[in-house]
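Let us take a few terms used for protein models and ask, for each one, what lies behind the word.

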2 protein chains.
Amino acid sequence: MNKAIFFVSLGPGDAELVTIKALRCLENAEAIFCPSTTTKSGKTISRALKIMKTLGIDEGKIHPFDVPMSKERSLTKKDYETTAEKIASYFEKAEKDIVVCAQGDASFYSSVYYISELLTAKNLPIKRIAGVPAFIAAGTLANIHIVKQEERLRVLPGVFTMEELRQECEAKNTVVIMKMSQSEEIIKTAIQDFANTTFHYFENVGVEEKEYYTKSKNEILARKFPYFSLMIIQKSNN
Amino acid sequence: MNKAIFFVSLGPGDAELVTIKALRCLENAEAIFCPSTTTKSGKTISRALKIMKTLGIDEGKIHPFDVPMSKERSLTKKDYETTAEKIASYFEKAEKDIVVCAQGDASFYSSVYYISELLTAKNLPIKRIAGVPAFIAAGTLANIHIVKQEERLRVLPGVFTMEELRQECEAKNTVVIMKMSQSEEIIKTAIQDFANTTFHYFENVGVEEKEYYTKSKNEILARKFPYFSLMIIQKSNN
């Protein structure tokens, strides 16, 4: 019996950007554990679940687990432990592979890493399937080349200083910013201050009805950055 | 007639890491232009072609074009222009979409960007499909989390200084190095010099029979870094 716990990366949101390998694994799994968020009004939201519904995966085998989209990770440590326990005991009785899925790629700023580390500590057989990260899909949406030839890339998540951002931009590095809602003020100041710099702004990449892209500075300044927003900053050619 | 030229990203090498969208596009295309390399002995090598053969794509519609794997980009500018001309004139007569394919993701250090820019300048309808970059697949292969929580990422291609690499590592950033063959000496010195640092070394990620991974410093020091090698550097926990 060679069953394993697969961490399956689902990509940015478009069900067609799931890999052939991930689709096969989802179809063959006995159970799929899937991150979701419960809103203040008690509604369960899960993009991962939506992707799997579009792919025609049997909903009966999907088990959502709650992942609060907040910085207060200490408060959620216990939740992750409870989820990991649940997955481990499910796996013990399972006859086939089970899946824990993640949006984007599971090794790239994904909160399922907590669960992965807890299950690894239990010496359970973990396997993984790579996926398309959101910033890669963003580059495609804007039809830009994220990095080429000898260019360097910096990825900044969450909190950083104005000085750091300025240095990166002046060194002509491409800068990707994830989880932008935490740095809205710094980014908006940078947009007004930095000359010869293009700010590519994205919301909800891969989610057809919500996807938004602009490089107009005024349009970006008018936005309230949601959780699923990201930015690609590049020196302008002129 | 809404035909377009699709730049299709094929992922790191494993045919199953192609997305559903890319597979559908390859199947429906009238012709596929595909990068290849001619060796000194005159043999044509193409990983992209190999991926498509594994996927069962009709070989009759695949047109390889030569991309020398060298730094001498100036020498190849003319080759890219010739290829772009050929694609443009093919597209003019085509009745359906045509594809230009790329390994990894077409916006992430892919040499097809030259062709993309030449065709964009001709005002041809360009569309793109995102793919899994090689460094993401490398993280999966080593079962590591590339970046999590507030960690930063630096991607360095080709040429950089020892000082830059040292600063990045001391700042506890995850560093990804692409096209490592150009910096073999600096990297090997760093491996011997940097304390509390783990060097994850990869060759030919996604190519089943050639894939190689080690984090043993002695094993890395003994390797001659090939063209398809990359590294993920992280501070060790201890």
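Q: Which residues is A:Lys61 in contact with, leaving aside its neighbours within four places in sequence?
A: Contact means heavy atoms within 4.5 Å, and by that rule A:Lys61 is in contact with A:Leu26, A:Glu27, A:Asn28, A:Ala29, A:Glu30, A:Ala31 and A:Ile32. This is a predicted model, in which local features need pLDDT of at least 70 and side-chain atom pairs count only at pLDDT 80 or more, while totals for chains, interfaces and linings use all residues. Side-chain values use heavy atoms, without hydrogens and water, and residues are numbered from 1 along each chain.

Q: Why is A:Lys61 said to have no salt bridge?
A: A salt bridge is a side-chain nitrogen of Lys or Arg within 4 Å of a carboxyl oxygen of Asp or Glu, but the nearest side chain of opposite charge to A:Lys61 (Lys and Arg count as positive, Asp and Glu as negative, and His and the chain ends are not counted) is A:Asp58, 5.9 Å away. Therefore the rule is not met, although A:Lys61 is buried, that is, under 20% relative accessible area with a 1.4 Å probe and protein chains only.

Q: What makes the pair B:Glu164 and A:Arg152 a salt bridge?
A: Their side chains meet at 2.4 Å, N to O, and so the pair satisfies the rule. Across the interface of chain B and chain A, eight salt bridges are found.

Q: How much area do chain B and chain A bury between them?
A: The two chains bury about 4,700 Å², 51% of it on carbon and sulfur atoms; buried area is the accessible area (1.4 Å probe) lost on being put together, summed over both parts. The contact takes 55 residues from chain B and 55 residues from chain A.

Definitions and conventions:
Chains lettered and ligands numbered in written order. Buried < 20%, exposed > 50% of the residue type's maximum accessible area, 1.4 Å probe, protein only.
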